[in-house]
2 protein chains.
Amino acid sequence: MALLLHLSDVDEAAWAAKFRAALGDYKVVRRGDAFNAAEIDYIFVWKPKPDAFDGLVNLKAVLSLGAGVDALLRHPNLPKAVPIVRFVDADLSQRMSDYVVAQVTMHHRLFTRFQADQKARRWNQLYPPAATETTIGIMGMGVLGQDAARRLAPLGFALRSWSRSPKQVDGVDGFAGEGAFDTFLAGTDILVCLLPLTPETQGILNYETFSKLRRGRLDGGPVIVNAARGGHQNERDIMRALTDGTLGAASLDVFEVEPLPQASPLWEIENCYITPHVAAISDPDSGVRYFSKILLDHEAGKPLINVVDIERGY
Amino acid sequence: MALLLHLSDVDEAAWAAKFRAALGDYKVVRRGDAFNAAEIDYIFVWKPKPDAFDGLVNLKAVLSLGAGVDALLRHPNLPKAVPIVRFVDADLSQRMSDYVVAQVTMHHRLFTRFQADQKARRWNQLYPPAATETTIGIMGMGVLGQDAARRLAPLGFALRSWSRSPKQVDGVDGFAGEGAFDTFLAGTDILVCLLPLTPETQGILNYETFSKLRRGRLDGGPVIVNAARGGHQNERDIMRALTDGTLGAASLDVFEVEPLPQASPLWEIENCYITPHVAAISDPDSGVRYFSKILLDHEAGKPLINVVDIERGY
């Protein structure tokens, strides 16, 4: 009985020390340690290598450090019958909402316009629309989308959401399914993407989508904010839309290729606001608390929580 | 019995039409109209000229379109014995809070840093502090300060306030009076000014104040946001502090001289975010609703509300 840590690009040793402190007698091993693959009950992964799951014949669950499991589900040797538990965390949601609120409010207050005026030393009193006159359309109404809505609502914005299946959230006008997508877009001034990345949502942030957003409320045009996955966006389309006025601005925390290549023309577009995939970070302390409880509860006979639906993709 | 409109730099005719519609039989006149000065019971002013109050011997109240009355109180011919009613309006408060929240969240998410990285095509994953680790210090806890606190609280920030007299607001750590000012500043990462402009608060945003703010939580240094009056700020000190790192950034909607002169070096400072006094606008519909009710109530024998305390200055 053991937990195996297999984490790339993060401090695996620090996570292991915290798990050992939290799990008491329960054995915690890292990739380089001496252990028998058959004794591994749980594997905690982030960007697993191709051989990550080799020999783990008694695996009870895969624990994913990320909230999004799209990359993990594409792993060629992921054991098909083993449940995957994803990270759902109040701290992670809060940080993601911090990012979303900051971008949404910046664009609502016509930041791009006032920056251009400042550069030109131009005093031009244009009043932003009222928050109540501005509709934020949130794509994806899972834990992250609902948290974002909960924090945007007290600011006075009109809120609408679009999701795969209908979701009832207080104060949010809900749209669901492909058939309602255009209607959802037609009333949206600022489009926020918090979707899981699945074959259905791949490339959803494209020129056709942008051209269906509501025009006229925000000086400069509608705005997109992508805090989900680079796979959701078509960067050629974003560049075209930002340049021809179909979009007034874009805030992007994720990219088709990360790190965003030096040669990408996105860097130079003035109304494109780039952050280097820092919208939210998984905090080790809350991560260890969360997964330790799930592991110990499961060992005590309780069911796993936040298990990924492989069919659905999240 | 009549209401006289005396509004500069706004559409006086449009306001007059709305007042006439709202007040029914009650007479509404403008400066150019034929009327007897002695019949004026109420004057509704915005940037009144020197002769604005001449001959108004029967004035019952001065109604001020602005929420801030500092300029009005400096009017050389303001009748001393007549009460002044200032504009207090949910829509105005909401717009002011929109501005404050947008600036605060932008700086909390290290906007200046990521803009510099973008210009340099640099992918540098610096994670902003959690909102809970970031303290917003609000100076001024009147209607506007309280509204800003109410909207910032659900975003998770730690909040503290500083005001002339003690104010108890849920979830806000209150400091009052000159003696508590340094302690208030020492725990503040982002300083928001929503004070009335009085002799005591004139120039309060100066180098000494900036140097007492908390350092270390925000990459680049503490931040100021001024949505109150240009008279609160010393622009030479702001430039010095932004340049030598005492401040990480400043968002200014108001200036010592407005419009901000073309020659001002503030325009060119990259971590100074300038907007042309557009944080909040007085909406004519709610303004007419508000002042019509006050006028008719007063005519019916009810006391005036939101009367300025001349001694205090707001």
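In chain B of this predicted model, helix α1 (residues 12-23) and helix α9 (residues 284-299) cross at roughly 45°, and their axes come within 10 Å. An angle over 35 degrees but short of the 65 to 115 range falls outside both the parallel and the perpendicular classes, so α1(B) counts as oblique to α9(B). As for handedness, α1(B) and α9(B) make a right-handed crossing. On the α1(B) side, the contact comes down to Trp15(B), Lys18(B), Phe19(B), Ala22(B) and Leu23(B). Helix α9(B) answers with Pro284(B), Asp285(B), Gly287(B), Val288(B), Phe291(B), Ser292(B), Leu295(B) and Leu296(B). Sorted by character, the residues of this α1(B)–α9(B) contact come out as nine nonpolar, two polar and two charged.

Over in chain A, another helix pair can be described in similar terms. Helix α3 (residues 90-108) of chain A packs on helix α5 (residues 143-152) of chain A at an angle of about 50°, with 9 Å between the axes. That angle makes α3(A) oblique to α5(A), and the crossing is right-handed. From α3(A), the contact draws on Ser93(A), Gln94(A), Met96(A), Ser97(A), Val100(A), Val101(A) and Val104(A). The partners on α5(A) are Val143(A), Leu144(A), Asp147(A), Ala148(A), Arg151(A) and Leu152(A). Here the split is eight nonpolar, three polar and two charged residues.

Helix α5(A) is also worth a look for its burial. Seven of its ten residues are buried, leaving the helix mostly covered. The buried set consists of Leu144(A), Gly145(A), Asp147(A), Ala148(A), Ala149(A), Arg151(A) and Leu152(A), so charged Asp and Arg side chains are in there too. What do the buried residues of α5(A) pack against? Besides α3, they pack against three strands of chain A: β6 (135-139), β7 (158-163) and β8 (172-176).

Then there is the relation between the chains. In general, a rotation about an axis plus a shift along it relates two copies of a chain. For this model, a turn of 180° with a shift of 0.0 Å along the axis lays chain B on chain A, at an RMSD of 0.1 Å. The two copies are therefore related as by a two-fold rotation axis. Both copies use the same surface, since 100% of the contact residues of chain B turn up again in chain A. Which residue of chain B comes closest to the rotation axis? That is Ala102(B), with its C-alpha at 3.1 Å.

Notes: Residues numbered from 1 in each chain as written. Chains lettered and ligands numbered in written order. Predicted model: local features only at pLDDT ≥ 70, side-chain atom pairs only at ≥ 80, totals over all residues. Heavy atoms only, no water. Axes fitted to C-alpha atoms, helices over the stretch in contact; angles between N-to-C directions. Helix = DSSP H or I, 4+ residues; strand = E, 2+ residues; numbered from the N terminus. Parallel < 35°, antiparallel > 145°, perpendicular 65-115°, else oblique. Left-handed = near helix turned anticlockwise from the far one by under 90°. Contact = heavy atoms within 4.5 Å. Least-squares fit on C-alpha atoms with pLDDT ≥ 70 in both. Buried < 20%, exposed > 50% of the residue type's maximum accessible area, 1.4 Å probe, protein only.
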